[in-house]
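Biologist: Could you take me through one part of this model slowly? I'd like a close look at the sheet, and then at whatever sits around it.

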Amino acid sequence: MANLISFHDVCKHKCKNDCWILIHGKVYDISTFMDEHPGGDNVLLAVTGKDASTDFEDVNHSDDAKEQMKKYCIGDVDQSTVPVTKKYIPPWEKKEKSTTTETTKEEPGNKLLVYLIPLFILGVAFALRFYNNNK
Ligand code: HEM
């Protein structure tokens, strides 16, 4: 069975000579790889203590790099210990999403009010007219 490592433990290794990173649920001890990494050691240190999957994918690593990383894998992260990060959604995308969800989430009562309010105003207007005519 694969070695299960908590996110808390991953966060304990953030130095150049003791560096663990988390990519796609797997934990890599890359302490001996720091000086060899073609992208430099700074980028690797910058992604410690978090899920580095996106950072790793953003670089578009070669198949060779993906093959190479296997030998540094020391286990799987315990997913229940990884904090859920909220993805930043730009306001313009939020608006698009909310309009589509609003239409589906709209309560039937709201639609009814759109008809009831003008009817009510009309009713009051007629009542006033009737009242004035009777005077
Ligand atoms: C065990 C994990 C990793 C291995 C084995 C690895 C390996 C490599 C290799 C072999 C290259 C040369 C280009 C290629 O073949 O794709 C490279 C480039 C690079 N890597 Fe990594 N890498 C790892 C993790 C990361 C992480 C987490 C980052 C974070 C951003 C990163 C950032 C970079 C950058 C910026 C380059 C330079 C790209 C360029 O100049 O074109 N790498 N890496």
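Modeller: Here is the sheet, strand by strand, followed by the core, the ligand shell and the rest of the chain.

A word on ground rules. Residues are numbered from 1 along each chain as its sequence is written. The model is predicted, so local features need pLDDT of at least 70 and side-chain atom pairs count only at pLDDT 80 or more, while totals for chains, interfaces and linings use all residues.

The sheet is open, has five strands in the order β1-β5-β4-β3-β2, and mixes its pairing. Its edges are β1 (4-5) and β2 (14-15), each of which pairs on one side only. Strands here are DSSP runs of E with at least two residues, helices are runs of H or I with at least four residues, and both are numbered from the N terminus. Two strands count as paired if DSSP finds at least two bridges between them. As a reminder, strands of a sheet pair through backbone hydrogen bonds, either parallel or antiparallel.

Start at the β1 edge. β1 and β5 (residues 73-77) run parallel and are joined by two bridges, with I5 opposite V77 in β5. On we go to β4, which is antiparallel to β5 and tied to β5 by three bridges; K26 stands opposite D76 there. At the other edge, β2 pairs with β3 (residues 18-23) in the antiparallel sense over two bridges, and K14 faces C19 of β3.

β3 is worth a longer stop. The largest nonpolar core has 13 residues, and those with the most contacts inside it are W20, I21, L22, I23, V27 and Y28. Two elements, β3 and β4 (26-29), give two or more residues to this core, and β3 gives the most, with five. A nonpolar core means buried Ala, Val, Leu, Ile, Met, Phe, Trp, Tyr and Cys residues joined through C-beta atoms within 7 Å. Buried means 20 or more other C-beta atoms within 10 Å of the residue's own, with C-beta atoms placed from the backbone. Zoom in on I21: leaving aside neighbours within four places in sequence, I21 is in contact with Y28, I30, L44, V47, T48 and A52. Contact is C-beta atoms, placed from the backbone, within 7 Å of each other.

Now the ligand. There are 20 residues around it, the closest being P38, G39, S62, A65 and M69; to be included, a residue's C-beta atom, placed from the backbone, must lie within 6 Å of the molecule. α2 (41-46), α3 (53-58) and α4 (63-69) each supply at least two residues of that shell, and α4 has the largest share, four residues. By class, the shell has 13 nonpolar, five polar and two charged residues. Ala, Val, Leu, Ile, Met, Phe, Trp, Tyr, Cys and Pro count as nonpolar, Asp, Glu, Lys and Arg as charged, and the others, Gly among them, as polar.

Zooming out, the protein has six helices and five strands, running β-α-β-β-β-α-α-α-β-α-α from the N terminus. An unreviewed UniProt entry places "domain: Cytochrome b5 heme-binding" at residues 2-78, a span that is 30% helix and 25% strand, with its end C-alpha atoms 11 Å apart. The UniProt record, also unreviewed, puts a "transmembrane region" at residues 112-131; there the chain is 100% helix and 0% strand, with end C-alpha atoms 28 Å apart. UniProt positions follow the numbering used here, feature names are shortened, and annotations may be inferred rather than shown by experiment.

Notes
A residue is buried if 20 or more other C-beta atoms lie within 10 Å of its own, exposed if 12 or fewer, and partly exposed in between; C-beta atoms are placed from the backbone. Two residues are in contact if their C-beta atoms, placed from the backbone, lie within 7 Å.
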